[in-house]
Amino acid sequence: MGILNITPDSFSDGGNFFDPDKAITQAHHLIEDGAFVLDIGGESTRPGATPVPAEEELRRVLPIIEALAQEGKVVISIDSYKPQVVEAALKAGAHWVNDISGGRNPEMLAVCAHYGAPLILMHMQGEPLTMQASPHYEDVSQEVYDYLLGQADKALKAGVPSVMLDVGIGFGKRLEDNLKLLQNLDKLVAQGFPVLLGASRKRTIELIEGIKSPAGERDAGSIALHLYGLTKGVAMFRVHNVRAHHQALSVWRALEKPSHASDELKG
């Protein structure tokens with residue numbers, strides 16, 4: 001899943017693709033680099049981010065969704081927690097919904113059910129503006145998994161066709177919380193739902209390394225975290241650098257299935 005932020009303030013690429021022409025060009029690059037899904041968002045949800053009105057969010061994302069939907073080259077995901085934004089995006093041609101609020105709003109479930117849109121449910125403690133102020137858990141894995149499974153059950157009962165789960169790395173979580181969630185991903189996978197991992201360029205990588213770094217210099221750590229997730233059974237990765245991840249996954253698969261890779265090379 002390639003990330004396409006149509007925002008001026010996202011933590012990694014804020015402002016880079018705010019212009020519609022630049023956004024479309026970037027979308028084409030992500031598709032060429034191997035993205036299966038494009039996750040298009042018009043509101044930054046980085047720690048400390050302030051909310052954006054639905055009207056402004058729609059102004060940012062709808063032209064991009066409409067253009068890409070007409071091309072029909074990629075699955076389009078709308079990254080929003082607002083039901084009105086999601087409904088407009090689905091009408092414009094989006095296929096999936098990525099909800100960082102984990103389906104807290106019953107209207108979101110109703111919209112996804114009505115349009116037959118698969119829903120990604122993410123865990124977040126608190127809201128983006130304050131979520132990193134003082135996150136606290138007694139047992140982070142159990143609490144996050146219980147929440148996600150409960151929300152998945154609500155979504156399916158509401159008529160949502162399918163759900164994918166995301167533990168929400170960095171969303172209201174300390175470093176130790178993020179590490180424990182990563183180490184126990186296989187337990188969530190074992191519950192039968194596909195799991196999405198989105199650790200791309202997050203500050204967790206900087207904290208692990210112990211060296212301050214700009215977000216754009218954290219791709220190596222992103223790949224390491226995502227390949228670790230692959231060993232735990234993760235189904236999809238939400239990433240900024242699609243090309244680097246595609247390369248890493250191709251090498252990984254070749255090493256896991258050497259005979260198959262050898263046959264391909266001979267061909």
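**Exercise 1. Surface and overall make-up**

How much area does the protein expose, and what percentage of it do carbon and sulfur atoms supply?

*Solution.* The structure is a predicted model, and every value below is computed from it. Step one is the area itself: the protein exposes about 12,300 Å². Step two is the share by atom type, where carbon and sulfur atoms supply 54% of that exposed area. Step three turns to the interior, since buried residues make up 52% of the 267 residues in the protein. Step four adds the secondary structure, which comes to 11 helices and 8 strands. Step five concerns contacts between residues at least 6 apart in sequence, of which 64% join residues at least 24 apart.

**Exercise 2. A salt bridge within one helix**

Determine where the partners Glu 56 and Arg 60 lie, and classify each by its relative accessibility.

*Solution.* Begin with the distance: the closest N and O atoms of Glu 56 and Arg 60 are 2.8 Å apart, which satisfies the 4 Å cut-off for a salt bridge. Next, place the partners: both lie in helix H2, which covers residues 54-71, and they are 4 residues apart, about one turn of the helix. Then compare each accessibility with the cut-off of 20% under which a residue is called buried. Glu 56 has a relative accessibility of 22% and therefore counts as partly exposed, whereas Arg 60, at 11%, counts as buried.

**Exercise 3. Salt bridges across the sequence**

Of the 14 salt bridges found in the whole structure, examine the pairs Asp 79 with Arg 238 and Lys 180 with Asp 139, and state which parts of the chain each pair joins.

*Solution.* As background, side chains of opposite charge can pair when their charged atoms come close. For the first pair, the side chains of Asp 79 and Arg 238 meet with an N to O distance of 3.2 Å. This pair links distant parts of the chain, with Asp 79 in strand E3 (residues 75-79) and Arg 238 in the loop between strand E8 (236-237) and helix H10 (242-256), 159 residues apart. Both Asp 79 and Arg 238 are buried, and together with Asp 39 they are linked in a network of salt bridges.

For the second pair, Lys 180 and Asp 139 meet at 3.5 Å, N to O. Lys 180 belongs to helix H6 (residues 175-183) and Asp 139 to the loop between strand E5 (119-122) and helix H5 (140-157), so the pair ties together parts that are 41 residues apart in sequence. Here Lys 180 counts as partly exposed at 34% relative accessibility, and Asp 139 is partly exposed with a relative accessible area of 31%.

**Exercise 4. Cavities and their linings**

Which residues line the largest cavity and the second largest cavity, and how do the linings divide by class?

*Solution.* The structure holds 2 cavities of 30 Å³ or more. The largest has about 40 Å³ of space, and its lining consists of Glu 43, Thr 45, Glu 57, Asp 79, Ser 80, Tyr 81 and Ile 100. Sorted by class, that lining has 2 nonpolar, 2 polar and 3 charged residues. Asp 79, one of these lining residues, also takes part in the salt bridge with Arg 238.

The second largest cavity has a volume of about 30 Å³ and is lined by Ile 223, His 226, Leu 227, Phe 237, His 245, Ala 248 and Leu 249. Helix H9 (219-231) and helix H10 are the elements that give two or more residues to this lining. Its residues divide into 5 nonpolar, 2 polar and no charged.

Terms used. Residues are numbered from 1 along each chain as its sequence is written. This is a predicted model: local features need pLDDT of at least 70, side-chain atom pairs count only at pLDDT 80 or more; totals for chains, interfaces and linings use all residues. Side-chain values use heavy atoms; hydrogens and water are left out. Buried means under 20% relative accessible area, exposed over 50%, partly exposed in between (1.4 Å probe, protein chains only). Contact means heavy atoms within 4.5 Å. Accessible areas come from the Shrake-Rupley method with a 1.4 Å probe; for residues, only the protein chains shown count as cover. On a 1 Å grid over the protein atoms alone, a cavity is a set of points where a 1.4 Å probe fits but cannot get out, and a pocket is an open set with protein on both sides within 12 Å along at least five of seven lines; lining residues have an atom within 4 Å of a point. Grid points are joined across faces, edges and corners, and a volume is the space filled by probe spheres set on the points. Ala, Val, Leu, Ile, Met, Phe, Trp, Tyr, Cys and Pro count as nonpolar, Asp, Glu, Lys and Arg as charged, and the others, Gly among them, as polar.
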